[in-house]
Amino acid sequence: MRHTEGTHATRRNVLALGTAAAAAPWLGAAPAQAADVRPGEFDELGITELRGLMTRGRLDAERLTRHYLERIERIDPLLHAVIEVNPDALREARRLDASGRPRGPLHGMPVLLKDLVETADRMHTTAGSLALEGLRPARDATVAARLRAAGAVILGKTNLSEWAGGLSLTHHAGWSARGGQTRNPYKLDRSPNESSSGTGVAVAANLCVAGIGTETNGSIIDPSSANCVVGVKPTVGLVGRGGVIPGVPSQDSVGPMARTVRDAAIMLGTLVGVDGRDPATAASRGRFHRDYTRFLDVDGLRGARIGVPRTVYYGYSDHADEIAERAIGVLRAAGAVIVDPADIPTAEQLEDLPGSMVVQAYEFKRALNTYLAGAGGEHPRDLAELIAFNRAHADRELRYVRQDGLETVQGLDFSEREYREALATNRRLSRAEGIDAVLRRHRLDALVMPTSGPPAKIDLIRGDTYGGGASTPAALAGYPAVSVPAGFAFGLPVGLTFMGTAWSEPVLLRLAYAYERASGVRRVPTYRGADVGF
């Protein structure tokens, strides 16, 4: 259910509006200057192009915001990507237009935030859960505040795998009790991948200029791959997490999802910096950049040394392998030196690491209990109360999924010593003996591998099939990764991941940008299977 100004509009009501979306109360009366907006006029345009139109007086923030609100009203009933629109979005846009000068690099750009990011407005912040449906924070999350300071219009919140995938042990990608099932815009019966599902879908479907996702293990790069968009999973500590509902703090990161590497780089530059609410960001002093576009170079692959980690990260999907092999050919043709194989020495250990469960259970329980205890309003105050709430509302919360993820975490009780030993092992195997070891041995700039296989069919009863991916090494290490569109298998997107050492975002963005320009893979969604319903 999407909150609107003065009313609640169900998805059935929204669908009934069809192309009459301009009559929606939160859209208001269309201004005269918007009458010449052509359908699809702004689709696939990036931040630089849109800002250029504004500079030349052909576009303003209100007109652009209205465009995206109308697209959400018209298209999102097929996708369930947007869990809630901001009833004050047009008011924010008008305020920017009235300011008389650009506020920052995102001036007038409508963006969507994953429903883990707190905003101090009339929207909720719920992690997709009915238990937090009334939660309206008094303060913006750090990333939301930085986006506003850069001139962005906060357009709304996106759907996600409930509790960022922590609700269930099976994969119900893009399903939440509050938002329903998010669908892949390239084929509506296919998974959007998790857990930043709604952001990936919304960006792909041109429901916003760009969006914000969060990642613990694959939650930005996997949905970026499945939806043919660019996703940046930053080094842990590069982007502040203050005011973001936590998952596993030693692995959590917040990052941009966009249709192009340039837009992702612009977004990243507005998000970085030391955050007084996130101690991990102290390590980013002297390592972050306000403008990552200066590292983008169409010839950026020439002379770059790129490794191919065959063990574990290839071989799980013939389709992904075929697309990755073509991508490697593009990299080589663009002047990169390909080192193949360049295996991560600890790859097999990382995929079946007992310490991973220890760290995730220990951190998730404590971080969530702390968050719930401190959040204002009437809602469960800890994990035990949340589990009880879900049981009491099982007809909606547990209609398709079990909460065995939450219950397992609640039942595990590791000591601080066990946790610290497990964390140290995870980091040693993923960092010094893992990613850093292979980069050092072969003098590599980055590793490259398919992000994941083509998206599987949605299965609300048994859960989606998950067949492998590239996220684990960077997740455990807290290192960066960038996924960029690489190809299609039977019309289903597959991404390519560039992975590197800590704080190597400038290098990864340079390589990803040059590859994007050389390959030209991005294409608009087809919305196949529009007759499929749940």
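**Helix crossings and an open sheet**

Student: Is the crossing of H12 and H16 left-handed or right-handed?
Tutor: The model is a predicted one. In it, H12 covers residues 354-374 and H16 covers residues 416-442. The crossing of these helices, H12 and H16, is left-handed.

Student: Which word describes how H12 lies to H16?
Tutor: The helices H12 and H16 pack at an angle of about 125°, and their axes are 8 Å apart. Angles of 65 to 115 degrees count as roughly perpendicular and those over 145 as roughly antiparallel, so an angle between these ranges has another name. That makes H12, relative to H16, oblique.

Student: Which residues of H16 make the contact with H12?
Tutor: From H12, the contact involves Gly355, Ser356, Val358, Val359, Tyr362 and Glu363. On the H16 side, the contact is made by Glu416, Glu418, Tyr419, Ala422, Leu423 and Asn426.

Student: How do H12 and H15 stand to each other?
Tutor: H15 spans residues 404-411, and its axis and that of H12 are 9 Å apart at an angle of about 95°. Ala361, Phe364 and Lys365 in H12 meet Leu406, Val409 and Gln410 in H15. Angles of 65 to 115 degrees count as roughly perpendicular. H12 and H15 are therefore roughly perpendicular.

Student: Which are the edge strands of the open sheet of 11 strands?
Tutor: The order of the strands is S3-S5-S4-S8-S10-S9-S14-S15-S13-S11-S12, with mixed pairing. An edge strand here pairs on one side only. The edge strands are S3 (82-85) and S12 (337-339).

Student: Which residue in S8 stands opposite Leu112?
Tutor: S4 (residues 110-114) and S8 (residues 210-215) are paired in the parallel sense over three bridges. Opposite Leu112 in this pairing stands Gly211.

Student: What angle does the direction of H6 make with that of S8?
Tutor: H6 (residues 197-204) packs on the sheet and touches S4, S5, S8 and S10. Its direction makes an angle with that of S8 of about 155°.

Student: Are Val230 and Val232 of S9 buried or exposed?
Tutor: S9 pairs in the antiparallel sense with S10 over two bridges, and with S14 in the antiparallel sense over three bridges. Val230 stands opposite Ala258 in S10, while Val232 stands opposite Val482 in S14. Both faces of S9 are covered, with Gly231 and Lys233 on the other side from Val230 and Val232. Val230 and Val232 are buried.

Student: How many of the 11 residues of H8 are buried?
Tutor: H8 (residues 261-271) lies across S4, S8, S9, S10 and S14, and runs at about 145° to S10. Its buried residues include Asp263, Ile266, Met267, Leu268 and Thr270. H8 is largely enclosed by the rest of the structure, because the number of its residues that are buried is 10.

Student: Which residues of H8 is Leu147 in contact with?
Tutor: Leu147 belongs to the largest nonpolar core, of 148 residues, and with Ile306, Phe498 and Tyr515 it touches the most other members. Leaving aside neighbours within four places in sequence, the contacts of Leu147 include Leu106, Val111, Leu113 and Ile212. Among its contacts that are also buried residues of H8 are Met267, Thr270 and Leu271.

Student: How many residues are in the other core, which lies apart from the largest one?
Tutor: Val358, Val359, Phe414 and Tyr419 are among its members. Val358 and Val359 of H12 and Tyr419 of H16 also take part in the contact of those helices. The number of residues in this other core is nine.

How values were computed
Residues are numbered from 1 along each chain as its sequence is written. This is a predicted model: local features need pLDDT of at least 70, side-chain atom pairs count only at pLDDT 80 or more; totals for chains, interfaces and linings use all residues. Side-chain values use heavy atoms; hydrogens and water are left out. Two strands pair if DSSP finds at least two bridges between them. Helices (H or I, at least four residues) and strands (E, at least two) are DSSP runs, numbered from the N terminus. Contact means heavy atoms within 4.5 Å. Axes are lines fitted to C-alpha atoms, for helices over the stretch in contact, and angles run from 0 to 180 degrees between N-to-C directions. Buried means under 20% relative accessible area, exposed over 50%, partly exposed in between (1.4 Å probe, protein chains only). A nonpolar core is a set of buried Ala, Val, Leu, Ile, Met, Phe, Trp, Tyr and Cys residues joined through side-chain atoms within 4.5 Å. Angles under 35 degrees count as roughly parallel, over 145 as roughly antiparallel, 65 to 115 as roughly perpendicular and the rest as oblique. A crossing is left-handed if the near helix is turned anticlockwise from the far one by less than a right angle, and right-handed if clockwise.
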